[in-house]
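Here's a quick tour for anyone opening this structure for the first time. Keep the 3D view handy and follow along, topic by topic.

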Amino acid sequence: MRDAQPKAIQLADYQAPAYEVTDTHLKFELNDGYTQVHSVLTLKQVGDGNELVLNGQDLELLSIRLDGNELTTDDYVLGDETLTLSGLGASHTLEISTQIYPEKNTALEGLYRSGGMYCTQCEAEGFRRITYYPDRPDVMSVFTTEIIADAEQFPVLLSNGNPVSEKTEDGKKHVVWHDPHKKPAYLFALVAGDLQVRDDHFTTCSGREVLLRIFVEPQNVDKTEYALDALKRSMRWDEEVYGREYDLDIFMIVAVDDFNMGAMENKGLNIFNSSCVLANPATATDAAYQRIEAIVAHEYFHNWSGNRVTCRDWFQLSLKEGFTVFRDACFSADMNSSTVKRIEDASMLRTVQFAEDGGPMAHPVQPDSYIEISNFYTVTIYEKGAEIVRMLHKILGAEGFRKGSDLYFERHDGQAVTINDFVQAMEDANGVDLSQFRLWYKQSGTPVVEVLTQYDHAAERLTINLRQSTPDTPGQTNKKPLWIPVQLGFIAHSGEDIEVRPDQPDFWTEESQVLHFREAEQTFSFGGVIEEPVVSLFRDFSAPVRINYQHSQSALRFMLQHDSDGFNRWDAGQQLMLHWIELAEKGRFKLVKEDIAALHSVISDESLDPAMVAYLLALPSEAYIAETRKSYDPVAIHNGREQVLSEVAEALIEDFKACYERLNVPAEYQPAPADMARRSLKNLALSYWARASSDGIEAAKAQFKSADNMTDQMAALRVLVTCADQAEAQEALNAFYEQWKHDSLVVNQWLTVQCGSSRLGSPDHIEKMLEHEAFDWRNPNKVRSVIGAFANQALCHFHSENGRGYRLLADAVIRLNASNPQIASRLLTPLTRWKRLVPSQSHLMKAELQRIMDSGSLSKDVYEVVSKSLV
Ligand code: 0A1
Ligand code: ZN
């Protein structure tokens, strides 16, 4: 829990460490109820000063020796969260023993118990809960780790690097691991348990054999094959696309049930939330398979972008996260449909990151300050950070970007560096000046680009006028113009693209079809345009900006059918649908025949990728609709959207039925892109069909009963929960629970489908689920499945008029603040949006934030978000 007023850490205060730890020897004695940690650190003075500050949190200090001499309390200063030694010399050996209580660790940071196993989570600042140590990423050390534990209970004892020795004596197992690569403490990991393993091998590009191992609880061995395959694909891809080879003899993944985040890239020993690694056809949906592939890749790619080259301090977090998300997105695009991947990512960014950037927690991709670093594992750092790297890729071209990344890895291997070092490598490798581009890292807020186009038929000339501005955000005003890459296309009446030839070639990159928009206002002209084209702007979502450009309804319908850029094709449909929903909210919506014809042409175009068709026909989410408005009424949005859904379903009922029947063919389940695409369109068609007809509901019931894979079963269950009458929906939910209650990951999906449902997810229902035998406050996945799903998906219930939804969330935050501050703080996000809501809801929400603030001793995590939100 926090001091009275937690202090913000400032980037401007960064100071290099005075001491380096060249070697770190750790010995863990895991005992029932308590663990002892003995460390031997080899210290070397490398900077100014003779003071060594070690971090420590919730530790019992047993002993401390310097160069063999036991120190007394007079020899050091023990603060709340630090232990400081002064007057040190050039080199020393420091030995520290601490005692910790993993069994009581509910925060899931440091060393903790998850079920029958021990595991660690050290990023960002968890290592300080294990022993006193300079827990900062710019202190990199070679680690040797000895683990001693009961041989019967914990036959598997793992740590980073390569195994050195193993023996069993007096019922205790002793193992030693050695990691030859220098690393910061946040990449340390330890696992102990009675685990089973699935092994595989990978031969690297230089011919080295690497042993690949996935450790899981025994009942999950049949869920490991896909992750292992994804790992091998990732290893090959990183060699081929980035020239990066793996660097140890062994690479391990461990699945853990209690985990705050998705996964963690500890050197050679990745630890995964079991929901992000375990899959078999009967229990995991296609979406889960794709998430697993992406996260396995993400953690693996960190081996270079994060581990070999790491961050100097936590203000540089996006150095590893933005770059690694960009890398995993390109990998997923290469393994699947690149357009669909782009749509998913951009849509998530526009919904979640834009909301963050427009709210009280807005921060630059390189923040200037923070109170609790755990609060900065955000969509801004990750996804906006990835968009910035993507823009660099567009500006420099694939080859230039690769030259830059090669230089970056070569120049900084084994170092802890800054975002600026990354950009500098890109600059140096390409001979470009990226000073203006760097502003993307420093300015928060979503830029708005206003576009005006004018066509002069006689001169065959098109002009495009662009104006940019970035709104004020907390602590930042008067933003400067950014370097915005605008990928551009002109579409002729025939539907074909016309060549784009700007009169200012210096502002144009032919390879990526990008116009470089770099001033507050710029006008570009294009000659030789013989007919007035439809202008397709920001193709491939080439910059993370809001665009103000009014296409006519007919131009949008035209783009929905003809734009050669898949992203803009989809986006044109989204804009049309946003307009329909707005009209529906005003009671003025009627689907016109031109709209029906456009949708019909999409659904009946069998040449299109079915996954793409499914996206083209899906309405924007309620959360995204809200995000497009200055102020919003969530219930009105919900009702408007429901009306449009029903009208589309009725108008195209025959198309949806036919589409479902065409695609509902018996086939053995494969998690392959073409099969996933077929299932996604089939299940979308089912959801519309069931909305408009009882035959559709019957089809959903049949699919629910006969499905041999979770994608189809869950899709059918969702349809029944949404469209069938309440009793039938409940019956299906009960049957599902009976079938799957032994499988915790499937039960999580069962919780999500009902708690996130705009029909069933009422506060009463949520309270009931919190009492259910399947629920557990200590397990973050369960909390997310019930409370997270409710507050982020069941929006019409969460925003219920009497404020009960807000109260329920606030109660959960107050409760979790004490046991798991990270989860409490993340759960809180929907309450930070109060300023954007209609006044009646807004003050109810604010009152709940205030109640959290007044509830007593807040963790730094919760305090930071609540206090910033109340400003
Ligand atoms: N670095 C991991 C994510 C991660 C971050 C923080 C954690 O605990 C606070 C845990 C995991 C990644 O990007 O995958
Ligand atoms: Zn990451």
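Let's start at a small spot: Trp508 stands opposite Leu515, a residue of strand S31. Keep in mind that this is a predicted model. From that pair we'll move out to the strands around it, then on to a bigger sheet, the core, the ligand and a few backbone oddities.

**Around strand S31**
- Strand S30 (residues 508-509) pairs with S31 over two bridges, and the sense is antiparallel.
- S31 (residues 514-517) also has four bridges to strand S27 (residues 484-487), again running antiparallel.
- Leu515 turns up here too, as the bridge partner of Val486.
- S30 and S31 make a hairpin with four residues between the strands, and Gln513 in that hairpin takes a positive phi near 55 degrees.
- Is Gln513 buried, exposed or partly exposed? It counts as partly exposed because it has 19 C-beta neighbours inside 10 Å, and a buried residue needs 20 or more.

**The five-stranded sheet**
- Five strands line up as S17-S18-S19-S21-S20 to form an open sheet with mixed pairing.
- At the edges sit strand S17 (196-203) and S20, each of which pairs on one side only.
- S17 and strand S18 (residues 209-216) run antiparallel and are joined by eight bridges.
- If you want one pair to look for in that stretch, try His201, whose bridge partner in S18 is Leu211.
- As a bit of background, strands of a sheet pair through backbone hydrogen bonds, in either a parallel or an antiparallel way.

**The nonpolar core and the domains**
- The largest nonpolar core has 251 residues, and Val191, Val254, Ile292 and Leu720 are the ones with the most contacts inside it.
- Helix H5 (residues 379-412) gives this core its largest share, twelve residues.
- Domain 1 (1-194) and domain 2 (448-550) each put at least three residues into this core.
- The centres of those two domains, taken over C-alpha atoms, are 53 Å apart.
- What does Val191 touch, leaving aside residues up to four places away in sequence? Its contacts are Met117, Tyr118, Cys119, Leu158, Val254, Leu269 and Ile271.
- In general, nonpolar side chains tend to be buried together in soluble globular proteins.

**Around ligand 1**
- Ligand 1 is surrounded by 15 residues, the closest being Glu123, Met261, Met264, Ser374 and Tyr377.
- Strand S20 (263-264) and helix H2 (286-301) are the elements that give two or more residues to this shell.
- By type, the shell splits into five nonpolar, six polar and four charged residues.

**Backbone oddities**
- Most peptide bonds are trans, and most residues other than glycine have a negative phi.
- Glu123, one of the closest residues to ligand 1, is joined to Ala124 by a cis peptide bond, with omega near -10 degrees.
- Where is Ala124? You'll find Ala124 in the loop between strand S11 (117-121) and strand S12 (141-150).
- Asp58 has a positive phi, near 50 degrees, though it is not a glycine.
- Asp58 is in the loop between strand S4 (52-55) and strand S5 (60-66), and counts as partly exposed with 16 C-beta neighbours inside 10 Å.
- Gln513, from the hairpin you met earlier, also belongs on this list, with its positive phi near 55 degrees in a residue other than glycine.

Definitions and conventions
Residues are numbered from 1 along each chain as its sequence is written. Chains are lettered from A and ligands numbered from 1 in the order in which they are written. This is a predicted model: local features need pLDDT of at least 70, side-chain atom pairs count only at pLDDT 80 or more; totals for chains, interfaces and linings use all residues. A nonpolar core is a set of buried Ala, Val, Leu, Ile, Met, Phe, Trp, Tyr and Cys residues joined through C-beta atoms within 7 Å. A residue is buried if 20 or more other C-beta atoms lie within 10 Å of its own, exposed if 12 or fewer, and partly exposed in between; C-beta atoms are placed from the backbone. Domain bounds come from an automatic or database domain assignment. Two residues are in contact if their C-beta atoms, placed from the backbone, lie within 7 Å. A residue is near a molecule or strand if its C-beta atom, placed from the backbone, lies within 6 Å of it. Ala, Val, Leu, Ile, Met, Phe, Trp, Tyr, Cys and Pro count as nonpolar, Asp, Glu, Lys and Arg as charged, and the others, Gly among them, as polar. Two strands pair if DSSP finds at least two bridges between them.
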